Amino acid sequence: MPVHPAALLSAVAYLCLCLGAARACARETGRVSAACLLALPAFACMPLGGLPALVPVAWAGLALPACLLASRIAQGEGEPPAALICPAAALGIAALYARGRGLPGDLLSLDSYAAMPLFSLAEGRETAGLLLLAAGVLAAFREARRGKNGASGDAAGNSLKTNLKNGICQAARRTLTTNTENGARKGAPAPGDAARLLRRWACAGMWVCLFAPQGIAYPLGPAPVPGLAADALFFWAKLLCLDQALRLSALYPPRMPRPALIIAALFAAGAALLLAET
């Protein structure tokens, strides 16, 4: 039975990720190493651009946050578990909306939304609902980052505002010193960083699969392997850009007032706009 090039490329991409994670996990011990191993299957549940998910099951979209939650519980520290559940809630709302619009396929699988992006189905208020839902997930991810940084993020932001009076160079120098003291720029990673990084990437990847799955394979022509490979690289570029944007947004701007209430309001408003007629 011949192997489809897309499935083969998916397996190769997942193998490369596993090798990189294994190298990072080699520096970890005990619970952190177990947390890394539990987070890895999450990447097998998401399509990498035009490449299908390595585990093409109907409930793969729910298995992804379940793996991340198990990883967080195994580690015993890290982001709030609610931040890992928000993507599953967004997927549930998106599945109800897609079912009302007649989208074929398994609606709890991220492959369905990679093949038919949600924004291609939406019109008018439904587009606004998707934007609110996407913003709610991003706000949950941002607050999870701030929970990790704690007061250091606020201190860095306040220090930056104060030091702007003394010149940009002095502000940059003091910000760099603050980050170094907090371990952000140390050469050796802090214990547990590998597991947290995998969970952050998986959350960002799930957001990309749901709300920004558009790839670049088709404009490159009919050749399947180069186009799909470029599509996978484009997916990782979007994932890493989103991860860095969340890191910067969590470090410098002030904390949102009542973040849980704001996130719940974004989810409720998005769901109301999407499901009003479904």
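## The run of elements

Reading from the N terminus, the elements of the protein follow the order α-α-α-α-α-α-α-α-α-α-α. That gives eleven helices and zero strands. Please keep in mind as you look around that this is a predicted model.

The protein has 278 residues, and 43% of them are buried. For a view of two parts that lie far from each other in sequence, try A34 and A195: they are separated by 161 residues along the chain, while their C-alpha atoms are 8.7 Å apart in space. A34 belongs to helix α2, which covers residues 30–39. With a relative accessibility of 33%, A34 counts as partly exposed, because that class lies between the cut-offs of 20% and 50%.

## Salt bridges across the chain

Side chains of opposite charge can pair when their charged atoms come close. In the whole structure, a search finds five salt bridges.

One of them joins R199 and E79, with 2.5 Å between the closest N and O atoms. This pair links distant parts of the chain, since R199 sits in helix α9 and E79 in the loop between α3 and α4, 120 residues apart. Are these two partners buried or exposed? R199 counts as buried because its relative accessibility is 0%, and E79 also counts as buried, at 9%.

Another salt bridge brings together the side chains of R101 and E126, at 2.8 Å from N to O. R101 is found in the loop between α4 and α5 (110–115) and E126 in helix α6, so this pair ties together parts that are 25 residues apart in sequence. R101 counts as partly exposed, at 35% relative accessibility, whereas E126 is buried, with a relative accessible area of 11%.

## A small network

Next, look at D243 and R200, whose side chains meet in a salt bridge of 3.6 Å, N to O. D243 lies in helix α10 (residues 224–251) and R200 in helix α9, so the two tie together parts that are 43 residues apart in sequence. D243 is buried, with a relative accessible area of 4%, while R200 is partly exposed at 24%. Which residues are joined into one network by salt bridges that share partners? They are R145, R200 and D243.

## Cavities inside the model

The model holds two cavities of 30 Å³ or more. The largest cavity has a volume of about 170 Å³. Its lining is made of 14 residues, and those closest to the centre are E79, F141, A144, R145 and R200. Some of these names are familiar by now: E79 is the salt-bridge partner of R199, and R145 and R200 belong to the network with D243.

Which helices each supply at least two residues of this lining? They are α4 (81–100), α6 (125–149) and α9 (193–211). The largest share, five residues, comes from α9. By kind, the lining of the largest cavity divides into seven nonpolar residues, one polar residue and six charged residues.

## A nonpolar patch on the surface

Finally, turn to the outside of the model. W59, L62 and L108 form a nonpolar patch on the surface, and together they have about 280 Å² of accessible area. Within this patch, L62 has its place in helix α3, which spans residues 60–75. L62 counts as partly exposed because its relative accessibility is 37%.

Technical notes:
Residues numbered from 1 in each chain as written. Predicted model: local features only at pLDDT ≥ 70, side-chain atom pairs only at ≥ 80, totals over all residues. Heavy atoms only, no water. Patch = residues over 30% accessible without salt bridge, like charges linked within 9 Å, V, L, I, M, F, W, Y side chains within 5 Å. Areas by Shrake-Rupley, 256 points an atom, 1.4 Å probe, with all protein chains shown as cover. Salt bridge = Lys/Arg side-chain N within 4 Å of Asp/Glu carboxyl O. Helix = DSSP H or I, 4+ residues; strand = E, 2+ residues; numbered from the N terminus. Buried < 20%, exposed > 50% of the residue type's maximum accessible area, 1.4 Å probe, protein only. 1 Å grid on protein atoms, 1.4 Å probe; cavity = no way out; pocket = protein on both sides within 12 Å on 5 of 7 lines; lining within 4 Å. Points joined across faces, edges and corners; volume = space filled by probe spheres on them. Nonpolar A, V, L, I, M, F, W, Y, C, P; charged D, E, K, R; others polar.
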